[in-house]
Amino acid sequence: MMGYAGNFLEVDLTEGSVKETSFSDEVLRDYIGGRGLAAKILWDRIGERWEEIDPFSPDNILLVLTGPLTGFIPGTKVCISGKSPQSNGMIGSTIAGEFGVDLKCAGYDGLIITGRAERPSYILVCDGQIEIRDATSIWGKGGRETLKHLVKRSVEDIKRLRPNYGEVKEPSILYIGPAGENRTRVAAVVSKYAHGAGYGGYGGVMGSKNLKAIVVKGFGPLPEAHDMEKAIQLFDEFSRRNFEIEDFRRWGTGRGGYHFGAETSSEPIRNWQEEWHNVESFKGEEFDKYWVKRYWGDFGCPVTCLKLSVIRSGKFAGAICDNPDYEFEAYMGTNLGIFRPEDNIYISYIANDLGLCGIQGGAVLGFAAELYQRGILTREELGGLELSWGNTEAFTSLAEKVARREGIGGILAEGVYRAALKLSQIKGVNLLQYAVHEKGVAIGAHGIRSGEDFAKNISYACSVQAGDHTSLASIREYGSGEASSILSDSATCCTFTTFDIEVEEILQLYEAVTGFRLTREEWYEEKALRILQIQRAMLLIGGPDINWRPGIDDENPPRFWEPLPSGPYKGKTVDRNQFEREKQEYYKLVGWDERGVPKPETLRKLGLESVENKLRNTKIID
């Protein structure tokens, strides 16, 4: 099929073997790539044993997948997936950077990684030459040392593999830090210094496979497009419109650090105890003082929403990281009671180097701090840390303990939900009331209580990606909600370069690249719905340590039912009756019964009889 390289790499780390595989045009048309294809691969290969498979076992499959629009649309992403150690379902977690373009230019649409290597390893892909190499010397190293080592070593290897090419620029690299190596559920798969695929906990899955990194260099062209002239025309048009989003280009998502807190009362503050602040020091203009690059974009990205922050003096001198973006500003800032940009930059820099997800890692740090505030966790239990709000050094030390599973960090490394269960058992009190999560996944930094942010009443509760703020359930049929997110994650597109692009226009580009015409109705009523059902089934089946109950666990965290304690929306919260009404409307819209279970007739209509059978066998369908 046009637009695809046509080959996927299957790497068995236990056997140390590599082979190529491919998928039929029918499968590619139905599941596109990225998140959609991940759902298909996982269901076909391990769906029958889903409830038995530990996400950290060799049986889990780690997927790194591009989509047909990779390289053909401004900006580029790659989708990481597998059985999630956070939700026990499946999450499509995307990460920006040129990895996907390099992979396609090397001749591959994705990697399907199984097994567990005998010793720390990394995969090197250079065009059609693939090697599984020893990573013992960088196991235990942070992000900066890992990258420095791999870039130097890989350039030498690439020159060996391609001796006549000439000067070799650095390859694309996905890697993990100590958090992933130690199989924490709050670890990200990282690229560059600060890009991360954090939702899902796939950094821990990489660690469980003794896989430190994947290095790719492709020297070939992108796959041939069906109508290259039309594809280029649309690429140019999308780029022109992206250039016009000047405010976003200038400030990136970091502008939200003040906006979402002060103006919409929807920012996590002190473990979501509050969602409003008016601290002027957390404005974009204050972060701007630390930016040494104000317009910085990934490969082929005209938006340039990235910034590069550097601390030049003071006790945090030498810290360097992206923006921080809004999620890092919130979860590694306000959620910890930190309102000074340089402190926020410093702890983000540490978290990045450890390979922690900013959202999942920041959430568990805030959860621990609230337990300390309430006298439930003591200073001794925290290893001597004075975990008061705003104490950046203490939070940084705790982040180290989490990433390395040291002391209390061993419990917190399980993520907010599992840590709450374990500590409740130890303390003999119910601590779930302080755990802000959805089905084991800490929630994106956009609250729903004020009703002023883009996340609404049922957005997280009904999402098949749980707390993922980039994939929100919506009762609006077209143009928003999870079906649109599934398209972006499958094609694969960056949300930020398609803000101003209509779904029909993306489908026009898809047709120009693949030659396959896909209508809006076909996507929303058939293909996206099929992928959604598979993800829902995986989430409901769960296992082996945690399962989600139909009719019960599609629920907001307890904190989201508490009235906002401060700010212009003080006293406001989600209306229970409206929530229940919208939940049932959503169930009906996507073909689920009143408990939120996919109806047999819905599954049959979509050709998912195997999903129906599995749900019957696990007693989820009567």
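In describing linings here, Ala, Val, Leu, Ile, Met, Phe, Trp, Tyr, Cys and Pro count as nonpolar, Asp, Glu, Lys and Arg as charged, and the others, Gly among them, as polar. The structure is a predicted model, in which local features need pLDDT of at least 70 and side-chain atom pairs count only at pLDDT 80 or more, while totals for chains, interfaces and linings use all residues. Residues are numbered from 1 along each chain as its sequence is written, and side-chain values use heavy atoms, with hydrogens and water left out.

We may begin with the second largest pocket. A pocket is an open set of points on a 1 Å grid over the protein atoms alone, with protein on both sides within 12 Å along at least five of seven lines; a cavity is a set of points where a 1.4 Å probe fits but cannot get out, and lining residues have an atom within 4 Å of a point. Grid points are joined across faces, edges and corners, and a volume is the space filled by probe spheres set on the points. On this basis the second largest pocket has a volume of about 550 Å³. It is lined by 27 residues, of which E98, E170, P171, S172 and K192 are the closest to its centre. Two or more lining residues come from each of helix 3 (99-105), helix 4, strand 9 (172-175) and strand 13 (291-296), where helices (H or I, at least four residues) and strands (E, at least two) are DSSP runs numbered from the N terminus. Helix 3 supplies the largest share of this lining, 4 residues. By class, the pocket lining holds 13 nonpolar, 5 polar and 9 charged residues.

Turning to enclosed space, the whole structure contains 2 cavities of 30 Å³ or more. The largest cavity encloses about 40 Å³. Its lining is made up of G143, R144, Y193, A194, I320, C321, D322, Y349, N352 and D353, with helix 4 (143-161), strand 15 (320-322) and helix 12 (341-354) as the elements that give two or more residues. These residues divide into 5 nonpolar, 2 polar and 3 charged. The second largest cavity has a volume of about 40 Å³. I32, L69, L487, A491, I506, L507, Y510 and L518 form its lining, to which helix 17 (481-491) and helix 18 (503-514) each give two or more residues. Helix 18 contributes the largest share, 3 residues. The lining of this second largest cavity comprises 8 nonpolar residues, with no polar and no charged ones.

Helix 12, met above at the largest cavity, has 14 residues and reaches 20 Å from its first C-alpha to its last, close to the 20 Å expected at 1.5 Å a residue; the expected span is 1.5 Å times one less than the number of residues. Helix 12 is mostly covered, with 14 of its 14 residues buried, where buried means under 20% relative accessible area, exposed over 50% and partly exposed in between (1.4 Å probe, protein chains only). G355 follows helix 12 and has a positive phi, near 80°.

Helix 14 (residues 392-404) has 13 residues that should span 18 Å at 1.5 Å a residue, and its end C-alpha atoms are 18 Å apart, which agrees. Its buried residues are T392, A394, F395, T396, L398, A399, K401, V402 and A403. They pack against helix 5 (178-181), helix 12, helix 13 (358-373) and helix 15 (409-412). R405 comes after helix 14, with a positive phi near 55°.

Individual residues add some local detail. T498 sits in the loop between helix 17 and helix 18 and counts as buried because its relative accessibility is 10%. Leaving aside neighbours within four places in sequence, T498 is in contact (heavy atoms within 4.5 Å) with I73, C493 and I506. A polar atom of the T498 side chain lies 3.0 Å from the backbone oxygen of C494. Such a polar contact is a pair of N or O atoms within 3.5 Å; within protein, one must be able to donate a hydrogen and the other to accept it, and residues adjacent in sequence count only if both atoms are side-chain atoms.

H437 lies in strand 16 (residues 437-438) and, at 13% relative accessibility, counts as buried. The side chain of H437 reaches the backbone nitrogen of K439 at 3.4 Å. Beyond neighbours within four places in sequence, H437 is in contact with Y417, A442, I443 and P557.
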